[in-house]
Every structure is written in C-alpha cells, then in structure tokens.
Amino acid sequence: MKTKLQKLKESKKRKKRLKLITLLLISLTIILIIFITAKKSRKNISTPLIQQKNEKIGMAENTEIKQENNEITNEVNQEQLVEVEEAKQEAVKVKEIIEKYIAEKNLNEENFAFFYYDINSKNQYFYNENTYFTAASTIKVPIAMLYYDKITHGDITLDTKLLYQSSDYEAGAGNTSNIYKFGDYIPISFLLREMIKESDNTATNILKKELGGEKAYRILIKQYTKENLTEEFNVENVTSAKYSLDVLKRLYQDREKYADLINLMKESSSGGYLKKNIKNYEIAHKYGSIAGCTHDYGIVYYNENPYLIGVFTKNIPNAENLIAEISKTIIDNN
C-alpha cells in the first residue's frame with residue numbers, strides 16, 4: 001500500500017503535469033490566434049497592394065493608349081493639313097494658269113469668265129463671276145434638273161409623253177425632228193437624252209413648253225442658286241460663272257438623284273471642248289455655242305480629287321480650242 005506521503009507526491013505531480021498541459025494549450029491557442037490574425041492582415045495588406053499594382057498597370061496601359069491615339073490623331077491632322085495645303089496650292093496654280101491665258105490671249109471681263117472649284121477642299125477660284133453671257137445650250141442642264149426633280153417627286157416618269165408641235169421645231173443638232181412628226185407624243189426619256197447628249201433644240205423647246213414657257217422656266221431654274229439674280233436673268237437666256245458653278249454644285253451634291261443626267265453629260269460632245277485631248281479621266285459636261293458665245297462647264301473626275309470647271313467666252317477666235325487648252329493645262333498641272 002502507498003503511504004500518505006507517496007499519494008501526496010503523486011497528486012502534486014499530476015497537478016504539475018496538468019498545469020503544463022494547460023499552459024501548453026493556452027500557448028498553442030495564442031499562437032493559432034496570432035497566426036490567423038497575421039494571415040488576415042497579410043491578405044488585407046496584399047489586396048490593396050495588388051489593386052494598386054493593377055491600377056498602376058492600367059494607368060500605364062491607358063497612358064500608352066492615349067499616347068498612341070494622340071500620335072494617330074496628330075498623323076491624321078498632319079495628313080489633313082497637307083491635303084488642305086495641296087488643295088490651296090492647286091487653286092493658286094489654277095489662278096496662275098488663267099492669268100497667263102488672260103495676258104497671252106487678250107482676255108478681259110467683256111469676253112471671258114472662268115470658275116474652278118475643288119470638291120474635296122472647297123477651294124475655288126473665279127474670274128469675272130458675275131458678268132452675264134448668253135447661255136446658249138449650257139442652260140439645258142438646269143432645265144433637265146427640273147425634270148429629274150419632278151420624277152423624284154413622283155409627278156412624272158421617264159415614260160411620260162409630251163406633245164410635239166410645229167412651234168417647237170428649231171434647226172440644229174439632234175434627232176427629234178428626224179424621228180418624230182408634228183402631233184406625235186414623245187417620251188421624256190428621249191427628249192432629255194437628245195437635249196443633253198445631242199444638244200437638240202427642238203427637244204429643249206418641247207421640255208420648256210411643258211414647264212410653262214420661256215418666262216416660267218427661267219423663274220424655276222433660279223432655285224439652284226442662292227444668288228440674287230437680276231431681272232435680266234428672268235427674261236433672257238443668260239448665265240454667269242457664279243450661277244453655273246452653283247448649278248454644278250447642286251448637281252454633284254445630289255448626284256444620286258441626277259445620276260442619269262450626269263451619265264448623259266459624260267456622253268455629250270463626242271470628245272470636244274473640255275474633253276478634247278483628255279483621255280484618262282471622265283468629264284460630265286455641257287457645252288454651248290451661239291452668236292459668238294462659246295462655253296463649257298462640267299465635272300472633271302480627276303482621280304480621287306474631282307473638281308468643277310467652267311469657261312465662258314464671247315467673240316474669241318477658236319474659242320473651243322481655248323477651252324480645250326485651258327482644260328488640258330489644268331489637268332497636266334494637277
């Protein structure tokens with residue numbers, strides 16, 4: 001049997017072991033708490049750091065993108081500036097060409113007018129833009145535009161037929177009077193083609209009559225310009241460089257509506273006037289000549305830089321050749 005002293009010693013050892021175990025458990029608990037807390041702290045600290053790092057990367061990428069965009073924008077702006085400057089120089093060259101012809105051919109405001117308009121840059125050059133000249137057949141373009149407007153609005157169609165009367169007949173080019181007789185009804189499509197492509201005066205008279213006659217059609221064609229035209233324009237077949245340019249601007253601006261008309265203009269003149277000696281570029285134009293007044297104006301499809309041009313003359317020898325020379329010189333110096 002164990003003595004009382006032995007029992008007391010064993011009890012003391014058990015308490016000591018228990019105390020050690022308790023201290024050990026407490027220590028382990030404290031260590032675990034510290035570990036968990038530290039882990040959470042590291043996570044909380046690393047998250048902002050990662051976010052900051054990502055934000056810095058994002059900012060750097062955005063900065064690079066902005067720099068690239070700025071570089072692209074600057075390049076585009078530089079290209080545009082170059083194009084604008086080139087267009088300005090082109091207008092200057094045209095001015096120099098015309099001034100040279102004026103000096104060499106004894107041209108002046110009584111016998112010569114001119115316009116040039118760059119469609120892309122909108123740069124333009126005029127000489128004597130407001131003086132009236134007898135329009136001759138150049139007036140047939142706005143007359144045709146009135147009919148294409150009516151077709152677009154649904155008032156008529158190309159198949160609509162107009163009466164041909166004896167009062168409509170006028171000598172000149174074209175086939176109307178050769179194919180039809182007085183009292184016949186002629187399709188508008190035929191009349192427009194003859195008027196623009198062949199410069200048929202009889203076809204023109206039939207079309208003018210349908211618009212209300214001489215005075216009526218003159219008022220109607222004023223809609224293609226914002227210029228204040230004088231009373232002379234209302235009663236006489238006259239035109240000016242300024243009015244003619246406005247007509248072509250409207251024609252080109254609404255080129256889808258006037259596509260058929262433009263195609264007819266491309267077929268006109270059989271290679272004379274503005275088209276003479278120009279083989280590589282299409283030109284949609286309308287010439288006219290009567291009583292010493294010889295003119296031509298149209299759209300020149302020069303590569304990706306189309307332009308509008310008009311030459312108007314009065315009592316100038318070999319005027320058609322002068323028009324052709326000016327057209328060719330401008331093309332060659334483009």
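**Strand E9 and the salt bridges of a predicted model**

Biologist: In the hairpin that E8 and E9 form, which residue in the turn has a positive phi, and of about what value?

Modeller: This is a predicted model, in which local features need pLDDT of at least 70 and side-chain atom pairs count only at pLDDT 80 or more, while totals for chains, interfaces and linings use all residues. Residues are numbered from 1 along each chain as its sequence is written, and side-chain values use heavy atoms, with hydrogens and water left out. Strands (E, at least two residues) and helices (H or I, at least four) are DSSP runs numbered from the N terminus. Six residues lie between E8 and E9 in the hairpin, and the turn residue with a positive phi is Asn-303, at about 50°.

Biologist: How many bridges join strand E8 to E9, and in E9, which residue is the bridge partner of Gly-298?

Modeller: Two strands pair if DSSP finds at least two bridges between them. Strand E8 (residues 293-300) runs antiparallel to E9, and the bridges joining them number eight. Within E9, Gly-298 has as its bridge partner Ile-309.

Biologist: In E9, what is the bridge partner of Phe-115?

Modeller: Strand E1 (residues 112-118) also pairs with E9, in the antiparallel sense, over seven bridges. The residue of E9 that partners Phe-115 is Gly-310.

Biologist: How many of the eight residues of strand E9 are buried?

Modeller: Buried means under 20% relative accessible area, exposed over 50%, and partly exposed in between (1.4 Å probe, protein chains only). Strand E9 (residues 307-314) is largely enclosed by the rest of the structure, because the number of its eight residues that are buried is seven.

Biologist: What distance separates the closest N and O atoms of Arg-193 and Glu-267?

Modeller: A salt bridge requires a side-chain nitrogen of Lys or Arg within 4 Å of a carboxyl oxygen of Asp or Glu, and the whole structure holds eleven. For Arg-193 and Glu-267, the closest N and O atoms are apart by 2.9 Å.

Biologist: Which parts does the pair of Arg-193 and Glu-267 tie together, and how far apart are they in sequence?

Modeller: Arg-193 is partly exposed at 36% relative accessible area, and Glu-267 is partly exposed at 35%. Arg-193 lies in helix H4 (residues 188-197) and Glu-267 in helix H9 (residues 259-267), so the pair ties together parts whose separation in sequence is 74 residues.

Biologist: In which helix do Lys-328 and Asp-332 both lie?

Modeller: Their side chains meet in a salt bridge of 2.9 Å, N to O. The two residues are four apart, about one turn of the helix, and both belong to H10 (residues 319-332).
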